[in-house]
Amino acid sequence: MANHRISIAQLKNHFTYSWWKYLLLLVLGCFGVDLLFTTTAYSPPEEKKIELYLCSSYADAVAIQEVFWPLLQERCPEQEELTVMNINLSSDDIYAQMQFSTYVAAQQGDVCLLPRSEFKKLIQDGADSAFLELTPYIDSGVIDTGDIDLSAGRARSEAGEEGLYGIPGDTLYGLLEYSCDPADSILCIMAYSGNNDTAAVMADILLEELCTGKPEGYDEMRAAKKASEQSSTQIFK
């Protein structure tokens, strides 16, 4: 009778030349489990989640999410998720512009705080192709703009009709607590948002909580920042 017992030497030889097969099997197994959980994990429908993109400057997105999620739940208890993301379009980071363009192409994001320059860029082919017209929400009292000068947020639709597509965010001085400078920003709701009414409530919460008096020394800070930017531009010319 043949001896089929495997010796230690045979095992060592086997693992010396075949270890990669077991590693590959482990990696594929982990990938499969991760894929299974990803594809089967619950994701809130569009009408039960809000994505807030802060793009006018750097912002502490994590801190903002922690503070504003309970406020949104209080006003809209049926909502299941608030995502806050910072994409700093005011920086010289090309990746930030690519990232934002990708999200817009994929129709992601509901409420955005954009640099005024980006807002103007997106309304060139008609403001209603990019942003939601906000007049009905202001007239109904859902969004309270107070004494904000809204002229910078007015634009024309593809049909040539004028409407309000953004709310100037310069007075959102409360954002300074989150390391975000609101200067030259526009608060708007994306036209493709699948949750328009809640997005309008989110915009109102931001205005209510963040529109504060101008902090002492703010103008000096802005002037110093502008001078620094101009100096940097001259150096690299």
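User: Where in the chain is the place of Ser157?

Analyst: This is a predicted model, and in it Ser157 sits in the loop between strand S4 (154–156) and strand S5 (162–164).

User: Why is Ser157 called buried?

Analyst: The cut-off for buried is under 20% relative accessible area. Ser157 comes out at 10%, so it is buried.

User: Which residues does Ser157 touch, leaving out those up to four places away in sequence?

Analyst: Gly126, Ala127, Asp128 and Tyr165. To count as a contact, heavy atoms have to be within 4.5 Å.

User: Let's switch to the sheet. What makes S2 and S6 edge strands?

Analyst: The open sheet has 5 strands in the order S2-S1-S3-S7-S6, and the pairing is mixed. Strand S2 (81–86) and strand S6 (167–168) each pair on one side only, and that makes them the edges.

User: How do you know that S6 and S7 count as a pair?

Analyst: Pairing takes at least two bridges. S6 and strand S7 (residues 185–189) have 2 bridges, in the antiparallel sense, so they meet that cut-off. As for partners, Ile167 bridges to Leu187 in S7.

User: And helix H2? Where does it lie?

Analyst: H2 (residues 61–75) lies across strand S1 (49–54) and S2, and runs at about 150° to S2.

User: How do you know that the span of H2 agrees with what a helix should give?

Analyst: Try it with 1.5 Å a residue: the 15 residues of H2 should span 21 Å. The end C-alpha atoms are 21 Å apart, so the two values agree.

User: Where does H2 bend?

Analyst: At Phe68, by about 30°. There's also a proline, Pro70, that follows within four residues.

User: Which residues of H2 are buried, and what covers them?

Analyst: The buried ones are Ala61, Ala63, Ile64, Phe68, Trp69 and Leu72. Their cover includes S1, S2 and helix H6 (196–210). Here's a handy rule: an α-helix has 3.6 residues a turn, so residues three or four places apart point the same way.

User: Zooming out, how many helices and strands does the chain have?

Analyst: 7 helices and 7 strands. From the N terminus on, they run α-β-α-β-α-β-α-α-β-β-β-β-α-α.

User: How much of the chain counts as buried, and what is its accessible surface?

Analyst: Of the 237 residues, 38% count as buried. The accessible surface comes to about 14,300 Å², with 55% of that belonging to carbon and sulfur atoms.

User: What share of the contacts between residues at least 6 apart in sequence join residues at least 24 apart?

Analyst: That share is 73%.

Conventions:
Residues are numbered from 1 along each chain as its sequence is written. This is a predicted model: local features need pLDDT of at least 70, side-chain atom pairs count only at pLDDT 80 or more; totals for chains, interfaces and linings use all residues. Side-chain values use heavy atoms; hydrogens and water are left out. Axes are lines fitted to C-alpha atoms, for helices over the stretch in contact, and angles run from 0 to 180 degrees between N-to-C directions. The expected span of a helix is 1.5 Å times one less than its number of residues. The bend at a residue is the angle between axes fitted to the seven residues ending there and the seven starting there. Buried means under 20% relative accessible area, exposed over 50%, partly exposed in between (1.4 Å probe, protein chains only). Accessible areas come from the Shrake-Rupley method with a 1.4 Å probe; for residues, only the protein chains shown count as cover.
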